[in-house]
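Let's take a walk through a protein chain together, going from its outer surface to its sheet, its helices and its charged pairs. Please have a look at the sequence and the structure before reading on.

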Amino acid sequence: MEKRDLLSNINSARALGLQLIPPTLLSDSIGSIGLKTPIVVGPKTNLKECVAILQKHRIGSLLITDDDGKLIGIFTERDCILKVMDKVESLSAAMVEDFMTRDPVRESPEASVAFALNLMSHGGFRHVPIVDQDNIPIGIISVKDVVDHIVKCMLEAIYKACETE
């Protein structure tokens, strides 16, 4: 949709006094917005492989699990820049366990979108691992995922408002 058409639809919806943000938007569960399958590596994975995985999949984080598949850490692009760059001579020799964020904040798929956003905002991070009751990663959510969900819901509300006009 063209920017001009979208703005016109937004103004039409406003003129009708319609709410552009659905009331359930932020109370939706994290699981209901479509979790991405996390890419998981072990703690002994070398940094060269981790960086290659991040680049290949065009993602910003990897989850680190122990031998039982339980979450023990997260390695993000920010970890790579702040903890690795100019500090490691050989990415092949360095292990991710030495640079990952240990025991990251995690959530269940039942948590609300609003809660996840609050966690990310106050914690200053962009990714939240989603785990089951046994602490096994089942998904990951990013700030971009939440923003995309909000935009999708708002556009659906705008389109519905303009169809009934």
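How much accessible surface does the chain have, and what share of it belongs to carbon and sulfur atoms? The accessible surface comes to about 9,800 Å², and carbon and sulfur atoms hold 54% of it. Such areas come from the Shrake-Rupley method with a 1.4 Å probe, and for residues only the protein chains shown count as cover.

Before we go further, a word on where these values come from. This is a predicted model, in which local features need pLDDT of at least 70 and side-chain atom pairs count only at pLDDT 80 or more, while totals for chains, interfaces and linings use all residues. Residues are numbered from 1 along each chain as its sequence is written, and side-chain values use heavy atoms, with hydrogens and water left out.

Now to the interior. Of the 165 residues of the chain, 39% are buried, where buried means under 20% relative accessible area, exposed means over 50%, and partly exposed lies in between (1.4 Å probe, protein chains only). Cys50 is one of the buried residues, at 0% relative accessibility, and Cys153 is buried too, at 12%. How many disulfides are there? The count is 0, a disulfide being a pair of cysteine sulfur atoms within 2.5 Å. For Cys50, the nearest cysteine sulfur belongs to Cys80 and is 9.0 Å away.

Next, follow the chain from its N terminus. You will meet 5 helices and 6 strands, in the order α-β-α-β-β-α-β-α-β-β-α. Helices (H or I, at least four residues) and strands (E, at least two) are DSSP runs, numbered from the N terminus. Contacts, meaning heavy atoms within 4.5 Å, also link parts that are far apart in sequence: among contacts with a separation of 6 or more, 61% are between residues 24 or more positions apart.

Four of the strands make an open sheet with mixed pairing, in the order β1-β2-β3-β4. Two strands pair if DSSP finds at least two bridges between them. At the edges are β1 (40-41) and β4 (101-102), each of which pairs on one side only. Strand β1 runs parallel to β2 (residues 61-65), and 2 bridges join them; here Val40 stands opposite Leu63.

Helices lie across this sheet. Helix α2 (residues 47-57) crosses β1, β2 and β3 (71-76), at about 135° to β2. Helix α3 (residues 77-84) lies across β3 and β4, at about 75° to β3. For these angles, axes are lines fitted to C-alpha atoms, for helices over the stretch in contact, and angles run from 0 to 180 degrees between N-to-C directions.

Finally, look at the charges. Side chains of opposite charge can pair when their charged atoms come close. The structure holds 7 salt bridges, each a side-chain nitrogen of Lys or Arg within 4 Å of a carboxyl oxygen of Asp or Glu. One of them joins Glu97 and Lys44 (2.6 Å, N to O). Glu97 lies in the loop between α3 and β4 and Lys44 in the loop between β1 and α2, so the pair ties together parts that are 53 residues apart in sequence. Is each partner buried or exposed? Glu97 is buried at 18%, whereas Lys44 is exposed at 57%.

Another salt bridge, between Lys152 and Glu156 (3.7 Å, N to O), lies within helix α5 (residues 143-163), where the two residues are 4 apart, about one turn of the helix. Lys152 is partly exposed at 48%, and Glu156 is partly exposed at 37%.
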